[in-house]
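Here are a few exercises to work through with the viewer open. Try each task yourself before you read the solution.

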Amino acid sequence: MLPQPLPTLRAPDPIATRTHCPYCAFQCGMLVTGTDGDPRTEVKADPEFPVNRGQMCIKGFTAGDLIDHPARLTAPKLRARDGRMVPASWDAALDFVAERLLRLRAAHGPAALAAFGSGALTNEKAYLLGKFVRVALGSPNIDYNGRYCMASAAAGQNKAFGVDRGLPFPIEDIARTKVLLLWGGNCALTMPPLMQWIAEQQSGGKLIVVDPRRTETARLADLHLQLTPGSDLALACGLLHLAIDERLCDLDYIASRTQGFDEVRRAVMQVHPAHVERLTGVSIDDQLRTVRLLAAEESGMLLSGRGPEQQSKGVDTVLAFTNLMLALGKVGKPASGYGCLTGQGNGQGGREHGQKADQLPGYRMIENLEDREALARVWGIDPATLPGKGKSAYELLDALGPEGGIRALLVFGSNVAVASPNARNIERKLGSLDLLVVCDAFENETSATAHAILPVLQWAEEAGTMTNLEGRVILRQPARAAPAGARSDLEILCALAERLGHGERFPSSTPEVVFDELRRATAGGRADYSGITYDKIRRAQWIFWPCPSEDHPGTPRLFEERFQFPDGRARFHVVRHRPAAELPDAAYPLYFTTGRYKEHYNSGAQTRRVSALVDAQPAPRVQVHPRLASDLGVASGGALLVESRRGSVTFGVEVSADVRTDTLFAPFHWGGKLSANILTNPALDPQSRMPEFKVCAVRARAVALPPSLPGDGGTA
Amino acid sequence: MSPRKKRLVIIGNGMATCRLLDELLERDALHRYEIAVFGAERGGAYNRILLSKVLGGDDPDAIVTKPPSWYTDHGVQLHDGVSVRRLDTAAKIVETEDGQSARYDLAVFATGSQPLVPPLDGMTNGDGELRPGVFIYRTLDDCLKMRAHARAGDNAVVLGGGLLGLEAAKVLSDAGLHVTVVHAGRTLMNVQLDELGGEMLERQIEAYGIFVRTGRTLEAVLGDSFVDGVRLDDDKTLAADMLVLACGVRPRVDVARASDLPINKGIIVNDTLATEVPGVYAIGECAEHAGRTYGIVTPAWEQAAILAEVLTGANPQARYRGSKVYTRLKVAGIDVASMGRIDPELDSDEVIQVVETRRGAYRKLVVRGRALVGAMLVGNTAAAADLVRIFDRGDPLPDDPLEALCPGASSGGDERADRMVCNCNKVSEGRLREAISCGAASVEALCLATRAGTGCGSCRTELAQLLARHPPPPTRIAAAG
């Protein structure tokens, strides 16, 4: 596919640096200009990067504001006796953190120390952070916010295909598929530059969108299935039932490339269409239409977003998707198969290189003996000293403080006080720590109770690799000089390791040197980066993993011939619908679900600092169906007090027929009193430990609009 | 040292048992229980709802949900082809028809229903067996026998115009038989549909090529050894090569009765699905809860889930509070949905009916205050999914309940014209539509006219969609062109 630059785009300036956006997993190529003398950083879309092809969204477009932002932290801060945060020298700050870590470890053991990472960190940082916790702290307790994001899709793909790469094909395949089933993702808002590929797809193919809301994306669809929140698994099983009933399955493919179909067939034949209609609200006719469309064409693709994944049955739901696409014989065929739309910038790389409680670099498993030995060799340690599996994200945060036993937490690039379910509980737990260290470029809700804040570099100020939603490994290049006083996360980790007596195992904070160690650590692993070098990426612009040797060109498409199990066959898995952990009842009669605005990113720690974005979208509004609004006695511009069993939030109201009559929706980009996650339920998926962000039960009543809330000021 | 495992015996191996086993195993019940299943039929469990597929020619294995190997693989004992005679609830012994006995700690009755066989002249041979050519539409075995017997060009009489009878009639008609449905009620599916609904359905069934005689019963089955006809209660005789009985079921309670369990219509259970005899439970069509028995599968599944919660201790406070009934019939050209009450009950109940005579569609709501207490849809079920949600949740109906019959119709909402499409240049949907109506007929023209799409470019897809949804007036295009 040739890049198609927009007519309005000028040729790049000679001093522009090619790099990538700080936000989502699309990792738009961008051109950053600006000299040290000029305080303005200018950001343009890179017309030559074949993923965004000259497009960007308003978040990327305004990302330069973050570099030059007046609130940018440029000196470490320590909490003084009187509770105020006061600037400190780097030596003083690092000495303080290291000394307290040592003291707490001596008193409570290594498992009392923990770190929380992020899908925003480069591969190098994710790798070094994992190594730091396991080797320098000696603790099992590290996890990252990708647990809130990709964990269910990752676990599902591993179980079905033997490997987890968000998209097993390049983005251009989306444009070529005849039928695209987009399940629970509102990419028109969350990933706008993706829409050019979907527009191309729609020029000759059909788009089906599954979403409880009539989103901007759903409006574009040929068929929109507006299902009941939490019923995705039932719908996916029901579609497979109909595929079997209508004899649409590819029996040759099933026989030659998969195993386990028979048991799945017997199970889904009990999922009758009328029962599915009742559970999901999707009519039998629409179920039939969907499965017939999907099977009719040679190519067909199912892409899932967070909707079906952020549930306490997220993994089983993803397995129902892989079951469906395997039974239709689509996976591994041209422009076909299952993929998930990874959310965070490096959500993919972040989960491959050892930030997860149960994983080691190269997608190795921490409880697998061979994997432990392989890593111990690279790190030069005795495998017996390598800790085991730690707590998953929510469980780790829930265990903070004297009661849970974790006394110290280091946070890198994540705003856990806003991003976690049952946010009030996490806020309390953060406040009970003996040591909370936040490494970030800005203060945020999480740093509010920190003992130390360490200012770090931002994306345009340092080099590092990212792995985007397609498994494409790219290189961010420094485009601006870093402000004096900020340091890279890599430097912080090395400096702390040295103070903890492990300096010799953390010899360099240079990204390329760390990457070379990462390459060795992943050699032979499922996510093998050993053949990728900075030079290779500079020459080719990107490499798809796996890339097991330097003369290997990388792997844009997986599964064309085999799946990543010893016998090469994909696995079917028997899954059954089960209700959400909390269903509406007489006391809390409505569903509540969360999502995003185009102008904000995740917890809003960055985007709420950008005036253009805040002007466009200053506060969250709860979306209410007109019928429900009239029953509640509220109109647009009014306010609703929304309560769950965990807390309550007063939102401004947006009346909209785009949401179901039984469901309230609000975005989760805000903290404090406006945090949607005050309401959400921390019920976890038993396999992925993903919290159930997308379904809980609430009640609502009209209240006066508090003066702090703008009325219907948003521009929707 | 863990205590010895208790022995849980399930009597019956139908759909309720199949689901109960899944629910139990998902809750790790095998850590606490040894589970044994007694099934009168040979083989594993199958999906009775899909019997018509087998009648229509599918491999019987297509509807088998748990083959015998499943039980072995999952550590559950299966005694198939073994009928239970009674329980000795004092000694906690299961006694089988073939004279064996086994100890149990807990017993679950899931014996289902038995089909009604009207005691008519000629129905049975001298030895009490059904006359050859008479079939009960109930088991996999029945279906295979019917399938072997039915030939294109034969005449079939189906006794019973309920869900099951109509399904059987449809399959036989598809196989080229001349089919007559004889139904005692005044109209078809009279449990789920009112008379007008039944009449509408009858017209659709007849349009399909099946003959219907309502308000009629059989007087006698005719023929020497094989069936060759039936005589109706109006003394008319219909030639028939086969007679299919689908005229209702009643809870199968013979084993329970022989075990001295409390029985009314079905085995009486409370909200935990327990009978008053310690250690004995019942679920599915054989169970009577709060005075009700159910003849469909969803309540059986709901009961299975509750019983598993209780017996495994996963949620010992789980309680069954009865089921709301939703029925669907969907075969080629025939589309029916029914829920709750089909007729008003109180004087204050409101009834809303929409009849489309030419289209053969009929929609009816029974409304109490703003609550939906029943609905039926014949010939147009587009609103079924929305209505069953309102019915299940007890949500209030719209002020104008007709709105609930029209899914997808805009129910107002805010005018979205002030919605920002291009955030970079702050261009609203209203502004863009205005530009389109003034003749901006392409994305480029829209960009020029409004500056939308000239910043980050990410809204250009949406501009194209706006153009597609609100095309410019042709005269304006011409003028602008």
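**Exercise 1. Work out the layout of a small sheet in chain B.**

Start with the strand order: three strands of chain B line up as E15-E16-E17 in an open sheet, with antiparallel pairing. Keep in mind that this is a predicted model.

Next, find the edges. Strand E15 (218-222) and strand E17 (237-239) of chain B each pair on one side only, which makes them the edge strands.

Then check the twist: on average, neighbouring strands of this sheet are turned by 20° against each other, direction ignored.

Now zoom in on one pair. E15(B) and strand E16 (residues 229-232) of chain B run antiparallel and are joined by four bridges. For a landmark, look at Ala220(B), which stands opposite Arg231(B) in E16(B). As background, strands of a sheet pair through backbone hydrogen bonds, either parallel or antiparallel.

**Exercise 2. Split chain B into domains and describe how domain 1 meets domain 2.**

First, the bounds. The assignment for chain B lists domain 1 (6-114 + 250-312), domain 2 (134-247), domain 3 (326-405) and domain 4 (416-480). Notice that domain 1 is written as two segments, 6-114 and 250-312.

Second, the spacing: the centres of domain 1 and domain 2 of chain B, taken over C-alpha atoms, are 30 Å apart.

Third, the contact itself. Domain 1 of chain B puts in eight residues, and domain 2 of chain B puts in 11 residues. On the domain 1 side, helix H2 (residues 51-55) of chain B gives the largest share, with four residues. Sorted by class, that side has five nonpolar, two polar and one charged residues.

**Exercise 3. Decide whether the radius of gyration of chain A agrees with a compact globule.**

Begin with the parts list: chain A has 25 helices and 30 strands. Its C-alpha atoms fill a box of roughly 70 × 65 × 55 Å along the principal axes.

Now compare. A compact globule of 716 residues would have a radius of gyration near 27 Å, and chain A comes in at 24 Å, so the two agree.

Two further numbers fill in the picture. Of the 716 residues of chain A, 65% count as buried. Among contacts in chain A with a separation of 6 or more, 73% link residues 24 or more positions apart.

**Exercise 4. Describe the side of chain A that touches chain B.**

Count first: 42 residues from chain A and 39 residues from chain B take part in the contact.

Then look for helices. H1 (58-61), H8 (195-204), H12 (273-280) and H25 (626-632) of chain A each supply at least two residues of that side. The largest share, four residues, comes from H12(A).

Finish with the chemistry: the chain A side divides into 20 nonpolar, 13 polar and nine charged residues.

Methods:
Residues numbered from 1 in each chain as written. Chains lettered and ligands numbered in written order. Predicted model: local features only at pLDDT ≥ 70, side-chain atom pairs only at ≥ 80, totals over all residues. Contact = placed C-beta atoms within 7 Å. Nonpolar A, V, L, I, M, F, W, Y, C, P; charged D, E, K, R; others polar. Domains from an automatic or database assignment. Rg over C-alpha atoms; globule rule 2.2 N^0.38 Å. Buried ≥ 20, exposed ≤ 12 C-beta atoms within 10 Å, placed from the backbone. Pairing = 2+ DSSP bridges. Axes fitted to C-alpha atoms, helices over the stretch in contact; angles between N-to-C directions.
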